[in-house]
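Here is a short tour of a model, written to be read with the viewer open. Feel free to rotate as you go.

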Amino acid sequence: MCCMTHLSVERPSGTRLSRHLRPAILVSSLGLLLSACSLPSYGGYKGATTQGHDTHLLYAGLFTTAIVVGGITLSLILWSVFRYKKRSDAMPRQFQYHIPLEITYTVIPIIIVLLVFFFTVGVENRVDAVSSNPYVQVKVTAFQWGWNFDYPQLHVDVHGVTLQNPEMVLPTGKTARITLVSADVVHGFYVRQFNFSRYAQPGVINVFDLTVRHSATYQGQCTQFCGLYHAEMLFRVKSVPPAQFQAWVHQQQALGHDKVVAKQPSPIVKVRSTNSRTKI
Ligand SMILES: [Cu+2]
């Protein structure tokens, strides 16, 4: 009789369990909402571009949410282990099912997945968004084994050769429209501090925007094995204040760096804006 009373007091009721799990939903949502605030980098880059910074916020927000959800789950497991540890040899009350509990642990993961989906799509759209009025346009041509940076409106062309890394100069805080193509095989345009990578594919034009947040020099490289000197396909992105960028443009024009010397890309069969997925 004594044991029965004991068991009936400790039996988890649906109401009590829901009361304990309800904060889990709120806290996990809070973790994602906190992504708008300053978050740890968790070993990644915080994003030197506005687009890359958005990616960082998503990554750090999801990481924080995972820690919160994992912490709550572990706490509940430990709480259950110690709260309901064996205290007698009496058989505890047996359940075949527990509707409120089953609904709870079905609904909570669905809410989490929906929130992750919602924030991921939002960030992807912002990263892929292409401005209607970019400050500067650069056509980036990848080839075996180097990079060519052509500024068609400014009549400036920066051509890199193997073992001589070219530098793409961009204005800080301004939107740069990058048109990425390949002259031969598949290459990968990657700047790690931008949290950004795109394939340069023969016959495909990839269009995206980069808005560098701070004046600095960033290392870039090819990330797709493309032949003998793939490892030498390095480049730099140098971001300078707009006035300094204009001075650089005038200097390049004065030096006569206005002719495209890279190999012409293969005939274009597809145009791909990462935002509109336009194809022809
Ligand atoms: Cu390559």
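## Burial and overall make-up

Of the 280 residues in the chain, 26% are buried (20 or more other C-beta atoms within 10 Å of a residue's own, with C-beta atoms placed from the backbone). The chain has five helices and eleven strands, taken as DSSP runs (H or I, at least four residues, for helices; E, at least two, for strands) and numbered from the N terminus.

Please keep in mind that this is a predicted model, where local features need pLDDT of at least 70, side-chain atom pairs count only at pLDDT 80 or more, and totals for chains, interfaces and linings use all residues. Residues are numbered from 1 along each chain as its sequence is written.

## Confidence

The mean pLDDT (the predictor's confidence in each residue, from 0 to 100) is 83, and 78% of the residues reach 70 or more. Over residues 260-271 pLDDT stays under 50, as it does over residues 274-280.

## Core and contacts

The largest nonpolar core (buried Ala, Val, Leu, Ile, Met, Phe, Trp, Tyr and Cys residues joined through C-beta atoms within 7 Å) holds 34 residues, and M168 is among those with the most contacts inside it. Beyond four places in sequence, M168 is in contact (C-beta atoms, placed from the backbone, within 7 Å) with V138, F149, V158, F235 and V237.

## Helix 3

Helix 3 covers residues 50-83, and its end C-alpha atoms are 48 Å apart, in agreement with the 50 Å expected for 34 residues (1.5 Å times one less than the number of residues). Its buried residues include Q51, L57, L58 and T65.

Definitions and conventions
Two residues are in contact if their C-beta atoms, placed from the backbone, lie within 7 Å. A residue is buried if 20 or more other C-beta atoms lie within 10 Å of its own, exposed if 12 or fewer, and partly exposed in between; C-beta atoms are placed from the backbone.
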